[in-house]
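Please open the structure in a viewer and keep the selection tool at hand. The tour below proceeds stop by stop, stating what to select and what is to be found there.

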Amino acid sequence: MSAVLQPIVTLGYSLWALLAAVIAAIFGNEIAPYVLYGVKILLLILCIVVPLMLSVAYLTLWERWVIGWIQLRRGPNRTTFFGIAWLGGFAQPIADGLKLLLKEIIVPSGSSKLLFVIAPLMAIMPALAAWAVVPFDPEMVLANIDASLLYIMAITSMGVYGVIIAGWASNSKYAFIGAMRSAAQIVSYEIAMGFALVGVLMAAQSLNLVDIVKGQQSSYGVFGWFWIPLFPLFLTYLIAGVAETNRAPFDVAEGESEIVAGFHVEYSGMTFAIFFLAEYANMILVSMLCALMFLGGWLSPFPQSWGVLGASSFLWLLAKTFMVVSSFLWFRATFPRYRYDQIMRLGWKVFIPVTLVWILVLGAWMQTPLWVWWKS
């Protein structure tokens, strides 16, 4: 693998040196380092956002295929690249994107027009901004801040404002009801998610995501990851993540039989597509955080003596993220939608008490010799 990547890395360094020389010639030696730093940050942001948007697009295709397999039918299989038969379905996300791009954006006459346009942006901005501190390996991270877990909790909690503003600004009773139900659900399950993350920082003794993954590295392999001592919190985080992203069976905000698609019922074209992108970007984010905090991140499940399979790599992180995000699709195809009162009861009367009790158990467990996961 290193022999294959070496020419690409060498070419990248050569292009970067050429770019640095051009910027120095244009701006001078005093200003050039600052300009070069800004260009570097911009390129790193593009290296995260572009693959994320492609992943979001093709996650929609994977979702249709998975649900098709579960329901014993075929998923998308007609739209191809240049008519190549074995690529049937691979152009479906592109066709969907072009369709939404060309559709008319209708702003209701009675709506609050400024807020109506701002709401989709408030939904997707936190979903993208959170990726600034997500590490792909110990070195591949845009901003390796000490309180990265706290930053993610703060930035992702702002996504609910996009939902509330979208429902209120539409001036539609159906949209407003959907927004209120969705906001109440998100706030309820954020509390349970927050308590689950308290268990993670207790086990890792750090708020830094890189340190949290390193805290799971031990001679125990898979059994040294935090999913074992934090198993109730792991399940709570995973299920609360499904509810946080308004996915089935917790998609009461979009209960078509009840409130006609919920808070974004009045949106069309690219404004609707942005809500769609935010939902799927949040799914990938929750899945990757689940892999980082509970499933060992980039750590291999095999012993180091296994050579390539035993080596830590961001490919392991991608594989674990893919496994978790596929479970979201499995849930959608399997479970019926919960009633609203059932959802609120599950969040307040089950998940929050379970997380609180397990935090107490964890605190006591960490004081005994039986605790083998964290080492000072």
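Is C47 buried or exposed? With a relative accessible area of 55%, C47 is exposed, because the term applies to values over 50%. The model under inspection is a predicted one.

**First stop: the cysteines**

Keep C47 selected and add C290 to the selection. C290 is buried, its relative accessible area being 0%. A disulfide is a covalent bond between the sulfur atoms of two cysteines. How many disulfides does the structure count? The count comes to zero.

**Second stop: a nonpolar patch**

Select L11, L15, L18, V22, I26, F27 and I31. Together these residues make a nonpolar surface patch of about 690 Å². To place the patch on the chain, take L15, one of its members. L15 lies in helix α1, which covers residues 2-70.

**Third stop: the salt bridges around E63**

Side chains of opposite charge can pair when their charged atoms come close. The structure holds seven salt bridges, and several of them are visited here.

Select R247 and E63. Their side chains meet in a salt bridge, with a distance of 2.4 Å from N to O. Which parts of the chain does this pair link? R247 is in the loop between α8 (231-244) and α9 (256-259), while E63 is in helix α1, and the two residues are 184 apart in the chain. R247 is buried, with a relative accessible area of 2%. E63 also counts as buried, at 4% relative accessibility.

Keep E63 and select R332 with it. E63 forms a salt bridge with R332 as well, and the closest N and O atoms of that pair are 2.6 Å apart. Helix α1 holds E63 and helix α11 (residues 314-334) holds R332, so this salt bridge ties together parts that are 269 residues apart in sequence. R332 counts as partly exposed, at 42% relative accessibility.

Next, select D96 and R64. The closest N and O atoms of this salt bridge are 2.9 Å apart. D96 belongs to helix α2 (residues 92-102) and R64 to helix α1, so that distant parts of the chain, 32 residues apart, are linked. Of the two partners, D96 counts as buried at 17% relative accessibility, whereas R64 is partly exposed at 34%.

To finish this stop, select E63, R247, E279 and R332 together. Which residues do shared salt-bridge partners join into one network? The network consists of E63, R247, E279 and R332.

**Fourth stop: the loop between α6 and α7**

Select S206. S206 has its place in the loop between α6 (173-204) and α7 (209-214). At 16% relative accessibility, S206 counts as buried, because the limit for that term is under 20%.

What does the side chain of S206 reach at 3.0 Å? The partner is the backbone nitrogen of N208. The side chain of S206 also makes a polar contact with the side chain of D211, at 3.4 Å. Apart from its neighbours within four places in sequence, S206 is in contact with L201, D211 and I212.

Now move the selection to Q205, which is found in the loop between α6 and α7. Q205 is partly exposed, with a relative accessible area of 45%. The backbone of Q205 deserves a look: its phi is near 55°, a positive value in a residue other than glycine.

**Fifth stop: further backbone features**

Most residues other than glycine have a negative phi, and most peptide bonds are trans. With this in mind, select L72. L72 has a positive phi of about 55°, although it is not a glycine. Where does L72 lie? L72 is in the loop between α1 and α2. L72 is exposed, with a relative accessible area of 79%.

For the final selection, choose A248 and P249. The peptide bond from A248 to P249 is cis, and its omega is near 10°. P249 lies in the loop between α8 and α9, the loop that also holds R247 from the third stop.

Technical notes: Residues numbered from 1 in each chain as written. Predicted model: local features only at pLDDT ≥ 70, side-chain atom pairs only at ≥ 80, totals over all residues. Heavy atoms only, no water. Patch = residues over 30% accessible without salt bridge, like charges linked within 9 Å, V, L, I, M, F, W, Y side chains within 5 Å. Areas by Shrake-Rupley, 256 points an atom, 1.4 Å probe, with all protein chains shown as cover. Salt bridge = Lys/Arg side-chain N within 4 Å of Asp/Glu carboxyl O. Helix = DSSP H or I, 4+ residues; strand = E, 2+ residues; numbered from the N terminus. Disulfide = S-S within 2.5 Å. Buried < 20%, exposed > 50% of the residue type's maximum accessible area, 1.4 Å probe, protein only. Polar contact = N/O pair within 3.5 Å; in protein donor to acceptor, adjacent residues only side chain to side chain. Contact = heavy atoms within 4.5 Å.
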